[in-house]
Amino acid sequence: MVRKSLSLHILKKEQIVTVILGENGREKTGIYRAVLFALFGDAKLQQDSNEADIYLGNIKAVKEMSKEANGARCSFTLSYSHQGEDYTITRTYFSILEKSGSQKERMLDVLLTNETT
């Protein structure tokens, strides 16, 4: 199982700017995609061409899991606060590498939890 996490904290009375800096190909856009996917279920960005294949699952990890377990169950979890309430949203999808070599992904479920109540 591959697990990555990123925590950004915002203090209510202070303005904080978070800068994510890195070379090309170091997953800056991947972080943005993960947030958009968790919140809205969107995999593609406006900058992506319609023909582009966009995979949320790590291609190498999915390839490995497809050999061992017939695919990979992947999820994105985002915790956030809104109007004094704390929430967690998790979107889960299944990803598999087909014999043809193409990666296929499909949405499994979404769970929104109000952690405050």
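The side chain of Gln103 makes a polar contact with the side chain of Ser95 at 3.0 Å, and a further polar contact, at 3.1 Å, joins the side chain of Gln103 to that of Glu105. These values come from a predicted model. Gln103 belongs to strand S3, which covers residues 103–114. Because its relative accessibility is 5%, Gln103 counts as buried; the cut-off for that class is under 20% relative accessible area. Leaving aside neighbours within four places in sequence, the residues in contact with Gln103 are Tyr55, Gly57, Ile59, Val62, Ser95, Ile96 and Leu97.

From this residue the description may widen to the whole chain. The protein chain has 2 helices and 3 strands, and from the N terminus on these elements follow the order α-α-β-β-β. Its C-alpha trace spans about 55 × 35 × 25 Å along the principal axes. Of the 117 residues in the protein chain, 22% are buried. Among contacts between residues at least 6 apart in sequence, 39% join residues at least 24 apart.

The strands form an open sheet of 3 strands in the order S1-S2-S3, with antiparallel pairing. S1 and S3 stand at the edges and have a single partner strand each, so one side of each is left without a neighbour in the sheet. From one strand to the next, the twist averages 15°. Strands of a sheet pair through backbone hydrogen bonds, in either a parallel or an antiparallel sense.

Each of the two pairings can be followed in detail. S1 and S2 run antiparallel and are joined by 11 bridges; in this pairing, Cys74 has Tyr93 in S2 as its bridge partner. The hairpin of S1 and S2 has 2 residues between the strands, and within this hairpin Gln83 takes a positive phi near 50°. S2 and S3 also pair in the antiparallel sense, over 11 bridges. In this second pairing, Thr90 stands opposite Leu111 of S3.

The helices may now be placed against the sheet. Helix H1, residues 28–40, contains 13 residues and reaches 19 Å from its first C-alpha to its last, which is close to the 18 Å expected at 1.5 Å a residue. Within H1, the residues Arg33, Ala34, Leu36, Phe37 and Ala38 are buried. The buried residues of H1 pack against strand S1 (72–82), strand S2 (85–97) and S3. After H1 comes Gly41, with a positive phi near 80°. Helix H2, formed by residues 59–69, lies across S1, S2 and S3 and runs at about 60° to S2. Among the contacts of Gln103 listed above, Ile59 and Val62 fall within the residue range of H2.

Which aromatic pairs link H1 to the sheet, and S1 to S2? The model contains 4 aromatic pairs. One of them joins Phe37 and Phe76 in an edge-to-face arrangement, with 5.4 Å centre to centre and 70° between the planes. This pair links distant parts of the chain, since Phe37 lies in helix H1 and Phe76 in strand S1, 39 residues apart. Phe37 is buried, with a relative accessible area of 4%. Phe76 is likewise buried, with a relative accessible area of 18%. Phe76 also forms a stacked aromatic pair with Tyr93, at 6.1 Å centre to centre and 20° between the planes. That pair, too, links distant parts of the chain, with Phe76 in strand S1 and Tyr93 in strand S2, 17 residues apart. Both Phe76 and Tyr93 are buried. Phe37, Phe76 and Tyr93 thus form one aromatic cluster. Tyr93 therefore appears in two roles, as a member of this cluster and as the bridge partner of Cys74.The segment before H1 provides a last point of reference. Thr18 has its place in this segment. Thr18 is partly exposed, with a relative accessible area of 45%. Its C-alpha atom is separated by 24 Å from that of Ser75, and the two residues are 57 residues apart along the chain.

Methods:
Residues are numbered from 1 along each chain as its sequence is written. Side-chain values use heavy atoms; hydrogens and water are left out. Helices (H or I, at least four residues) and strands (E, at least two) are DSSP runs, numbered from the N terminus. Buried means under 20% relative accessible area, exposed over 50%, partly exposed in between (1.4 Å probe, protein chains only). A polar contact is a pair of N or O atoms within 3.5 Å; within protein, one must be able to donate a hydrogen and the other to accept it, and residues adjacent in sequence count only if both atoms are side-chain atoms. Contact means heavy atoms within 4.5 Å. The expected span of a helix is 1.5 Å times one less than its number of residues. Two strands pair if DSSP finds at least two bridges between them. Axes are lines fitted to C-alpha atoms, for helices over the stretch in contact, and angles run from 0 to 180 degrees between N-to-C directions. Rings of Phe, Tyr and Trp (its six-membered ring) pair if their centres lie within 6.5 Å; planes under 30 degrees apart count as stacked, over 60 as edge-to-face and the rest as tilted.
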